[in-house]
Amino acid sequence: MDTRPIINGVRGLHNLDINVPNAVLVGETVTLECTWQLEDEEALYSVKWYRGREEFYRYIPKELPHTRVFPLPGIEVDISRSGARRVVLQEATPAMAGRFRCEVSADAPTFHTEIRSAPLEVVETPEWGPKLVSDRSWYGVGSTLRATCASPQAHPPANLTFALNGREVRVRFRVQA
């Protein structure tokens, strides 16, 4: 009969979690976080960050310098505020949006690797609110209202709802770019 103790629980690299904001405004600083646990005297080998399939940041504690940044359009890493568990990106632009992935690897002998990902949307708000211009200043009951509504570009595109005397109305309209 085997009398060795049964060991329960997780060993090695586990509990990997990623924290990426769902959406940020253009120009904001973006903090991406990746957390994990290492057990049984296992050491960290590397942390790599990707947008889509492209690596843009790497942290390897056994190398000097520990961090390495790879040029990627739309991504500007603040190295002074980034490290093993956090990457800080400066001045969000629409080009920054996408799926971000954190890949953590334990050191030898296992080189166990875990990956988590999350999307980031960069929101570009309109410079001004919608403007409504009609062909007349007064309308009688049953009259047809003809008007032009203009809204500046935004990302994601603005969702316009029309109301008359506080009640939403269905409209026929043409979108012009």
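These legends walk through several close-up views of a predicted model.

Residues are numbered from 1 along each chain as its sequence is written, and because the model is predicted, local features need pLDDT of at least 70, side-chain atom pairs count only at pLDDT 80 or more, and totals for chains, interfaces and linings use all residues. Side-chain values use heavy atoms, with hydrogens and water left out.

**View 1. Two domains and the distance between their centres.** Let's start with the overall layout. Domain 1 covers 14-123 and domain 2 covers 125-176, with bounds that come from an automatic or database domain assignment. Taken over C-alpha atoms, the two centres lie 43 Å apart.

**View 2. The open sheet β1-β3-β7.** Three strands line up here in that order, with antiparallel pairing. Strands are DSSP runs (E, at least two residues), numbered from the N terminus, and two of them pair if DSSP finds at least two bridges between them. At the edges sit β1 (13-19) and β7 (86-89), each pairing on one side only. From one strand to the next, the twist averages 10°, using axes that are lines fitted to C-alpha atoms and angles that run from 0 to 180 degrees between N-to-C directions. Four bridges link β3 (residues 30-38) with β7; have a look at Val30, whose bridge partner in β7 is Leu89.

**View 3. The hairpin of β4 and β5, with β6 alongside β5.** Five bridges hold β4 (residues 44-51) and β5 (residues 54-59) in an antiparallel pair. Two residues lie between these strands, and Gly52 takes a positive phi near 65°. Strand β5 also pairs antiparallel with β6 (residues 67-69), over three bridges. Arg58 is a handy residue to follow: it is the bridge partner of Lys48 and stands opposite Arg68 in β6.

**View 4. Salt bridges, beginning with Arg58 and Glu55.** Side chains of opposite charge can pair when their charged atoms come close. Counting a side-chain nitrogen of Lys or Arg within 4 Å of a carboxyl oxygen of Asp or Glu, the model has four salt bridges. Arg58 meets Glu55 at 2.8 Å, N to O. Glu55 is buried, with a relative accessible area of 17%; buried means under 20%, exposed over 50%, and partly exposed in between (1.4 Å probe, protein chains only).

**View 5. Two further salt bridges, Asp78 with Arg81 and Arg116 with Glu114.** The N to O distance between Asp78 and Arg81 is 3.6 Å. Asp78 is buried at 12%, whereas Arg81 is partly exposed at 45%. Arg116 and Glu114 meet at 3.4 Å, N to O. Arg116 is partly exposed at 32%, and Glu114 is partly exposed at 22%.
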